[in-house]
Amino acid sequence: MGNEVAAQAALAAGAEVMFGYPITPTTEVLSTWISLATQHQKKYLQTEDEGAAGFGVVGACLAGKKAFTSTAGPGNVLMQDPLSMAEALRVPFVGLIGQRGGPSTGTVIYSQQETTLTAFGGNGEGYRIVYSPSNLQEIYDLTILAFNNAWLYRFPTFVLFDGYLGKMKGEVNLHNPGILINAKPILEGNVNLRNCFNLEEEIYDLNVRHKKAWQEASSQVSKFEHRPGQTKTLVFAHGIVAAAAKAAGVSLFRSITLWPFPVQDARIVAKKYEKIAIIESSYGQFGRIVKEALFGLELEVQEIYKPALGFTPEEIKEIVK
Amino acid sequence: MVPFPKCYKQSSKPSKFCPGCGYGLMFKMLGQVIDELGIQEKTVLGLDIGCSLLAWDYFDFPTTHTHHGRTTATMVGFKLADPSKVVLALMGDGGGYAIGLQNLLHAAIRNNPLTALVLNNTCYAMTGGQLAPTTLEGEITSTTPKGRDLTITGQPFLGPELIRSVAPLNAYVARGSVSQPAILKKYLRTALEKQINDKVFSLVEILSLCPVNWKTDAKGSFDFNLKMQKIFPCKEL
Ligand SMILES: Cc1ncc(C[n+]2csc(CCOP(=O)(O)OP(=O)(O)O)c2C)c(N)n1
Ligand code: SF4
Ligand SMILES: [Mg+2]
């Protein structure tokens, strides 16, 4: 199951401690981690809510341990409080999110409606790395990459899937993770960390530093797949919608990092087509990112949005025939 | 004169607290305890958003701001990740008993081995003196302009008493006052020793002074503190 794969990947990535609060569709990430933790001398805490889980992750990262949480929908909303602290202090927070149909408690299977929340949900500028896996193997591979890049670049990092992928069963190669980036203490020695400042100039300087680091990281981190297919229209999609597009055999630009979005690559690829179709299970949360990235190119844009509904390959073939 | 505690960061003095503030009196006792226990090297302090945040560079050991009410949850994570550290979570009465009560309660219920310090100044001091759970009956604040009316806002909140009722028996709970520094120091020391030796939760509420929001002179501040002690009994619970 996708959720079990995510927990296995966290273990392979060297995670030491998980904080979590049960919520469908990601509860099995927590329960699987707890079984793994018992076998592998790792730690966990079932907290009183997702805010506490997120702040627990922040505290554990400050102590120098790879820590993570997993949540969904309303839990992702509550987690934005600790995330804004993680952004301020550049804490290598890792979150494994199973999107739910929203708003509110909504549904639990298909959705791509937590794109904006996960990437930009704080009172900062949205310097967060967000991966969107399309299949079970990618849940494994991208979760390992998420831990590595979180500790390498020190930005909060997410693997954003949905209930469908979290609950899906199939074969996965739980391979050796290769070289892992080490964690080290952040709050130690004579370090006095601040997230509250006296002067506008102080927080401006912090923003300038973060922006510079983000730009440097973006070019290294952003990731995509381009699959020329049988159509003249280029489909922009991510996650399991992109998996359906792949199965449909259409030309596809699949964003593997939703944020940072691979802007230059997307522009180069899109120039080879006259028309693009943005297909997603939300009213354009991913579409806004794509349209901003492609701004100024002469392209016809078709937007197919179905919040909290899935897409079949046949449907996608029909849309872009 | 008793010298400054060795664990103070000299370069950040004089401190950023208002003259006559109780935070500094509490820090002096806390600093002396840390010196005497010889734990400066392994102490880590989390600070809430409230006047406690002004202490971000007060000590010569690692400290971090958190969010309003979220210091306990953050330091629970720190301690779980690095149990070798002596972990302190300092917050105001608003941070501890209003917005962050859920986190404080559950840390106590779980007996998480850290020391929560809740400074009671009967108001939200940092934001200019609003009603807190601990505001006294009849006390004027900017959100209780006619004085706290218990029929509308309920009783002053007894934090240590509540925590005592949910925490395991071996957890340590006490309330002291900056007007009785030697006793307060004893409570702080016991709280840290409990964390270090027994690996249990400890909470010390500190009755403080806030001359700026109380609009009191030196004598008036201590008189107000005495009034607080009648509502909030100082003792080990
Ligand atoms: C989530 C959130 N809500 C509100 C505030 C504004 N705020 C800052 S400090 C504070 C109250 C502080 O009161 P208390 O915790 O008693 O600490 P004191 O300043 O009295 O020491 C409030 C409401 C905030 N920083 N964050
Ligand atoms: S407002 Fe009150 S609590 Fe805050 S620093 Fe001044 S005296 Fe101390
Ligand atoms: Mg207060």
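A residue counts as near a molecule if one of its heavy atoms lies within 4 Å of it. Keep that cut-off in hand for the ligand stops. The model is predicted.

**Stop 1: ligand 1**

Select ligand 1 and expand the selection by that cut-off. You should pick up 16 residues around ligand 1. The closest are Y23(B), C51(B), D93(B), G95(B) and A125(B).

Now show backbone atoms. An oxygen atom of ligand 1 sits 2.8 Å from a polar backbone atom of C51(B). Go to G95(B): a polar backbone atom there is 2.8 Å from an oxygen atom of ligand 1. Then pick C123(B), where the distance from a polar backbone atom to an oxygen atom of ligand 1 is 3.1 Å.

**Stop 2: ligand 2**

Move to ligand 2. Its surroundings are F17(B), C18(B), C21(B), Y23(B), C51(B), N121(B), A125(B), C210(B), P211(B) and N213(B). Colour this shell by class. Eight residues are nonpolar and two are polar. None is charged.

Keep Y23(B), C51(B) and A125(B) highlighted. They belong to the shell of ligand 2, and they are also among the closest residues to ligand 1.

**Stop 3: the two domains of chain A**

Switch to chain A. Colour residues 2-221 as domain 1 and 224-320 as domain 2. Their C-alpha centres are 25 Å apart. Select the contact: domain 1 of chain A gives 28 residues and domain 2 of chain A gives 24.

How much area do the two domains of chain A bury between them? The figure is about 2,000 Å², with 58% of it on carbon and sulfur atoms. Next, select Q112(A), S132(A) and S134(A). These three supply 32% of the area that domain 1 of chain A buries against domain 2 of chain A, more than any other three residues.

**Stop 4: polar links across the interface**

Stay on the interface between domain 1 and domain 2 of chain A. The count here is one salt bridge. Zoom in on E138(A) and R254(A), which form a salt bridge with their closest N and O atoms 2.6 Å apart. Polar contacts join 14 residue pairs across this domain interface.

Finally, show the secondary structure on the side of domain 1 of chain A that touches domain 2 of chain A. Elements giving two or more residues to that side are α6 (115-120), β5 (129-131), α7 (136-153), β6 (157-162), α8 (163-167) and α9 (200-221) of chain A. The largest share, four residues, comes from α6(A). By class, this side of domain 1 has 13 nonpolar, 11 polar and four charged residues.

Terms used
Residues are numbered from 1 along each chain as its sequence is written. Chains are lettered from A and ligands numbered from 1 in the order in which they are written. This is a predicted model: local features need pLDDT of at least 70, side-chain atom pairs count only at pLDDT 80 or more; totals for chains, interfaces and linings use all residues. Side-chain values use heavy atoms; hydrogens and water are left out. Domain bounds come from an automatic or database domain assignment. Contact means heavy atoms within 4.5 Å. Buried area is the accessible area (1.4 Å probe) that two parts lose on being put together, summed over both. A salt bridge is a side-chain nitrogen of Lys or Arg within 4 Å of a carboxyl oxygen of Asp or Glu. A polar contact is a pair of N or O atoms within 3.5 Å; within protein, one must be able to donate a hydrogen and the other to accept it, and residues adjacent in sequence count only if both atoms are side-chain atoms. Ala, Val, Leu, Ile, Met, Phe, Trp, Tyr, Cys and Pro count as nonpolar, Asp, Glu, Lys and Arg as charged, and the others, Gly among them, as polar.
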